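Please open the structure in a viewer and keep the sequence panel visible beside it. The tour below proceeds by selection, with a short account of what each selection shows.

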Amino acid sequence: MIGEDAFCPKTGASLSDERYYDETGRPKRVVTADERSLAAQAAGEFTTGAVRSSKAALFNRFRDCHDRHRPADDRLYRKAALALARLKRVGEGAESWDVHVWYALRRRLATAGYDVDWMHAHVEPRCPRCHGRLRYEQYETGITARCVRGCDDGADQLPAIRETVAALYGRAFDDAVDPDAFVQF
C-alpha cells in the first residue's frame, strides 16, 4: 500500500515515520528492521510502498495489524493466507491493488465469522484512476469520495472502488456480492 498505510512491498515490514527526500523531491521512508526484512535483505531500503505488494508482504502486514488489535489466531491466519492466495491469483489490473485485495479479504473473513472491523484502520482507499488521495464529504444521501487531484471532474470514486472489489471477490470466491456491501463507513 501507499500513503499513510504504506509498508515494504516485499516483506510487509513497517516503514519509518521519518521521510527522506530524493533528488526529485519525492518523499521516501526506510524499511524498518524486523525478522522478515532482515531475512530478505530489505531493511534500510528506501521506498514509498507500492500499489501492488507481494502476497507474502500483504499476509505479513495482515498478521502484524491483527496482532495490534487481537491475540494471535492461527486459524484466522490460515484462512487469511488461503483467501489471499485466491485473491492474488485472480486479481488483474486494478483488482490486484492492495487496497482492493484488503477489502475483499475483509469481506471473506467477515463472512466466515471473524471480527475484522479493525481492518478499516489499516487501509486508505485511493483514487481508482490516479492513486491520488480522496476527500470525503457527507451528505444526506451518504458519503462521497472525490479525488483531490481532480482527475475525474470531481466524480464520486466510491462506486468504482466498490465495483472493483466486488468483481475481484466474485471471481476469487465464485460468489456474487452487491458492490454496496464493500467499503462502508
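A salt bridge is counted here where a side-chain nitrogen of Lys or Arg lies within 4 Å of a carboxyl oxygen of Asp or Glu. The model on the screen is a predicted one.

**Stop 1: Asp115 and Arg70**

Select Asp115 and Arg70 and display their side chains. The two form a salt bridge, with 2.4 Å between the closest N and O atoms. Asp115 belongs to the loop between α4 and β4, and Arg70 to the loop between α2 (55-69) and α3, so this pair ties together parts that are 45 residues apart in sequence. Are these two residues buried, exposed or partly exposed? Asp115 counts as partly exposed, at 43% relative accessibility. Arg70 is likewise classed as partly exposed, with a value of 31%.

**Stop 2: further salt bridges**

The structure holds eleven salt bridges. For one of them, select Glu124 and Arg133, whose side chains meet with an N to O distance of 3.0 Å. Glu124 is buried, its relative accessible area being 15%, whereas Arg133 counts as partly exposed at 41%. The cut-off for the buried class is under 20% relative accessible area.

Next, select Arg135 and Glu137. This pair also forms a salt bridge, and its closest N and O atoms are 3.2 Å apart. Arg135 is partly exposed, with a relative accessible area of 40%; Glu137 is partly exposed as well, at 22%. Then add Asp34, Arg36 and Asp64 to the selection: salt bridges with shared partners join these three residues into one network.

**Stop 3: helices α3 and α4**

Select residues 74-90 for helix α3 and residues 98-111 for helix α4. Their axes come within 10 Å and cross at roughly 130°. The two helices are therefore oblique to each other. The crossing in which α3 passes α4 is right-handed.

To see the contact itself, display the side chains on both helices. On α3, the residues to select are Leu76, Lys79, Ala80, Ala83, Leu84, Arg86, Leu87 and Lys88. On α4, they are Asp98, Val101, Ala104, Leu105, Arg108 and Leu109. Which classes of residue make up this contact of α3 with α4? Nine of its residues are nonpolar and five are charged, with no polar residue in the contact of α3 with α4.

**Stop 4: helices α4 and α5**

Keep α4 selected and add α5 (158-173). The axes of α4 and α5 come within 9 Å and cross at roughly 55°. That angle makes α4 oblique to α5. Here too the handedness can be followed on the screen: α4 passes α5 in a right-handed crossing.

The α4 residues that take part are His100, Val101, Tyr103, Ala104, Arg107, Arg108 and Thr111. From α5, the partners are Ile161, Thr164, Val165, Leu168, Tyr169 and Phe173. By class, the contact of α4 with α5 divides into eight nonpolar, three polar and two charged residues. Val101, Ala104 and Arg108 are listed in the contact with α3 and also in the contact with α5.

**Stop 5: positive phi angles**

Select His131, in the loop between α4 and β4 (134-139). His131 has a positive phi of about 70°, although it is not a glycine. Its relative accessible area is 25%, and His131 is partly exposed.

Now move to Val183, which is placed in the segment after α5. Its phi is near 50°, again a positive value in a residue other than glycine. Is Val183 buried or exposed? With 3% relative accessibility, Val183 counts as buried.

**Stop 6: Tyr21**

Finally, select Tyr21 in strand β1 (residues 20-21). Tyr21 counts as exposed, at 56% relative accessibility. Leaving aside residues up to four places away in sequence, Tyr21 touches Arg26 and Pro27. To close the tour, set a C-alpha to C-alpha distance from Tyr21 to Phe46: the two are 25 residues apart in sequence and 9.8 Å apart in space.

Technical notes
Residues numbered from 1 in each chain as written. Predicted model: local features only at pLDDT ≥ 70, side-chain atom pairs only at ≥ 80, totals over all residues. Heavy atoms only, no water. Axes fitted to C-alpha atoms, helices over the stretch in contact; angles between N-to-C directions. Helix = DSSP H or I, 4+ residues; strand = E, 2+ residues; numbered from the N terminus. Parallel < 35°, antiparallel > 145°, perpendicular 65-115°, else oblique. Left-handed = near helix turned anticlockwise from the far one by under 90°. Contact = heavy atoms within 4.5 Å. Nonpolar A, V, L, I, M, F, W, Y, C, P; charged D, E, K, R; others polar. Buried < 20%, exposed > 50% of the residue type's maximum accessible area, 1.4 Å probe, protein only.
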